[in-house]
Structure formats: C-alpha cells, structure tokens
Amino acid sequence: MQSLALADETKNLFQQVLDAAIPIGVYQLHWTELIAVLIGVVSAWFGMRRRVWAWPVGIVANVMLFFVYLGALFGADERVPLFGQAGRQVFFILMSAYGWWRWTQVRRLSHAEDRSGAAITPRWATSRERVAVVGFWLVGTVAVHQAFTWLWSLAPNPFWTPEWWFFWCDAWIFVGSVVATFAMARGWNEFWLAWIAVDLVGVPFGFATGYVPTAVLYSFYGLFVVYGFIQWVQVSRTEHRDVEPVLAGSRVE
C-alpha cells in the first residue's frame, strides 16, 4: 500500500486525471474516457439535427479521446495504446474544422433567413463519389495497417503483444472514421452507413482492448445511426438541395 501511495505521488496532475477511474469488478471505468464519450454523443445528436454545433462539440471530445487512447505512452497507466484510435482524433479535428466551415457557409448562403434551422440539406453521393470513397477506404486500410505495424516495431509495448487482427481492426476504424466524417461534412446520406461499417468492427474491438465506454458508445451508435440515417433520407426526399458555397477553390456541383 505504501508503494502504491508513493507511486501516486510521483504522478503529475495530467497523469492523475487520465488515471482517475471507478472500479467496476475487474474493470476500471476511466472518467476522462467516459466524459469524452458522453460529449461525443451530444455531438452526434447535433449532427443528426444538422446543427453546426456538432463540429465544435465534437472537437472537444476528440481532444480528450486523443489523450485517453495514448495514455499509456504518457506514463499515465498500463492500458493498451491505440495508435489508430488516437490518430483518427487528429483527423477528426481537421475534418471537423472543414465541416464546421462548410456547414456554416452553406447555412449562410442557403438558410440566411432561418438562423435557427438546420445547416444543410443532405443528399446521396454520386456513383463516382461512392467509388472514390470505397477505393480510398480499402487502399487506406492496407496502407495504415502497414504504418501501424511499422510504428509498433519501432517501440513495442512491454505490457502486451498484439494479435494478428489488432492492427487490421485499428486501421479499418481509423480510415472508416475519416471517410464517415468527410461524408458528413459533404452532407451525404452514406456517412451513416460508413459509421455502421465502423461500428461492426469497433464494438468487439473496444471490448477486446478494455476500452469499454468506447465499445458501449459504438453499440449505442449502432442504433443511433440507423435512426439518423432514416431521418436524413427523409429530409433528402422532401427538401430542396442546398446551394454549394462558391468560395476560393470551390465549384458548384
């Protein structure tokens, strides 16, 4: 007990925040992960409602989850570091900045008189867009898998040894999340379907690696995205398509 107390004293405030948890049986429910997951749920709700607030709220969750998934590397605890999950938070932040900008511009041009309404009107992606997205997802998964394997070979973790499927799952979730976020920023109905494909891998992956709140979030999303998909499809059938913002480097589709 004395050694444990001494170990806690040697941790800085940042490490203590990441380590703070509620013991539930053999599992430790980490507060930072739980709060970030709940913020992510709020962001998803705003996204379903097509509100611009989905993006800044999501960025807050992304920053928190970045440190959660790399907590082991920061010396916070002995949890499994998820490079893909952490890396995708960086891309989420970048894509969220793009989505925030685009939804704001579309709303300003297409919904100028309705300041409290939805930011965009969803649509289906074109055949060319779908082919490009699927190709990017498949090729990207292979490339990212190789990158994660290479990173692991440079600095293996002494606390665990990954199974053959570990980096494939991590890469699939990473690339799929980037695809889904980009599709959401573009207002494509298919972004919900991309999240379902991510969830099918993310749920068992989260439980297998001990990130239970994340796994529960994916489970919740699995039901939430079905409802959101139905809502967006109905809107795309009843509302007129938005005018694309014609700014520097953009074009009218």
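Q: In this predicted model, are Arg-123 and Glu-129 buried or exposed?
A: Both Arg-123 and Glu-129 are buried, and that word is used for residues under 20% relative accessible area.

Q: What makes the contact between Arg-123 and Glu-129 a salt bridge?
A: The closest N and O atoms of Arg-123 and Glu-129 are 3.2 Å apart. The cut-off is within 4 Å, from a side-chain nitrogen of Lys or Arg to a carboxyl oxygen of Asp or Glu, so the 3.2 Å pair counts. As for the chemistry, side chains of opposite charge can pair when their charged atoms come close.

Q: How many salt bridges turn up in the whole structure?
A: Two. Glu-190 and Arg-130 make one of them, with the closest N and O atoms 2.9 Å apart, a value that also falls within the 4 Å limit.

Q: What makes the Glu-190 and Arg-130 pair a link between distant parts of the chain?
A: Glu-190 sits in helix H8 and Arg-130 in helix H6, 60 residues apart.

Q: How do you know whether Glu-190 is buried or exposed?
A: Put its number next to the cut-off: Glu-190 has a relative accessible area of 14%, and buried means under 20%, so Glu-190 is buried.

Q: And why does its partner, Arg-130, get the label "partly exposed"?
A: Arg-130 comes out at 38% relative accessibility. Buried stops at 20% and exposed starts over 50%, so at 38% Arg-130 lands in between and counts as partly exposed.

Q: Where does Glu-190 show up again, in the lining of the largest pocket?
A: Glu-190 is among the lining residues nearest the pocket's centre, along with Val-133, Val-134, Trp-137 and Ala-194. There are 16 lining residues, and the elements giving two or more of them are helix H6 (127–154), H7 and helix H8 (190–208). H6 has the largest share, with six residues. The pocket's volume is about 240 Å³.

Q: What classes of residue make up that pocket lining?
A: It's 13 nonpolar, three charged and no polar residues. Glu is one of the residue types that count as charged.

Q: What makes the space of about 470 Å³ a cavity rather than a pocket?
A: In a cavity a 1.4 Å probe fits but cannot get out, whereas a pocket is open. The 470 Å³ space is the largest cavity, and the structure holds three cavities of 30 Å³ or more.

Q: Which residues and helices surround the largest cavity?
A: Of its 29 lining residues, the closest to the centre are Gly-40, Ser-43, Phe-92, Trp-195 and Tyr-221. H3, H4, helix H5 (83–110), H7, H8 and helix H9 (212–238) each supply at least two. By class the lining has 19 nonpolar, nine polar and one charged; Gly counts as polar here. Gly-40 and Ser-43 are also among the buried residues of H3, as are Thr-32, Glu-33 and Ala-36.

Q: How do you know that the length of H3 fits a helix?
A: At 1.5 Å a residue, the 18 residues of H3 should span 26 Å, and the end C-alpha atoms are 26 Å apart, so the two agree.

Q: How does the same check go for H7?
A: H7 (residues 166–186) has 21 residues and an expected span of 30 Å. Its end C-alpha atoms are 31 Å apart, which agrees. H7 is mostly covered, with 18 of its 21 residues buried, and just after it Gly-187 takes a positive phi of about 80°.

Q: What makes Arg-50 worth a look?
A: Its phi is near 60°, a positive value in a residue other than glycine. Arg-50 lies in the loop between helix H3 (31–48) and helix H4 (54–69). At 10% relative accessibility, against a cut-off of under 20%, Arg-50 counts as buried.

Q: How do residues 191–209 and 215–233 look against their UniProt label, "transmembrane region"?
A: Both ranges are listed that way in an unreviewed entry, and such annotations may be inferred rather than shown by experiment. In the model, residues 191–209 are 95% helix and 0% strand, with end C-alpha atoms 26 Å apart. Residues 215–233 are 100% helix and 0% strand, with ends 27 Å apart. The model shows helix there; the membrane part comes from the record.

Q: What does the whole chain contain?
A: Nine helices and two strands, in the pattern α-α-β-β-α-α-α-α-α-α-α. Buried residues make up 49% of the 253 residues.

Definitions and conventions. Residues are numbered from 1 along each chain as its sequence is written. This is a predicted model: local features need pLDDT of at least 70, side-chain atom pairs count only at pLDDT 80 or more; totals for chains, interfaces and linings use all residues. Side-chain values use heavy atoms; hydrogens and water are left out. Helices (H or I, at least four residues) and strands (E, at least two) are DSSP runs, numbered from the N terminus. The expected span of a helix is 1.5 Å times one less than its number of residues. Buried means under 20% relative accessible area, exposed over 50%, partly exposed in between (1.4 Å probe, protein chains only). On a 1 Å grid over the protein atoms alone, a cavity is a set of points where a 1.4 Å probe fits but cannot get out, and a pocket is an open set with protein on both sides within 12 Å along at least five of seven lines; lining residues have an atom within 4 Å of a point. Grid points are joined across faces, edges and corners, and a volume is the space filled by probe spheres set on the points.
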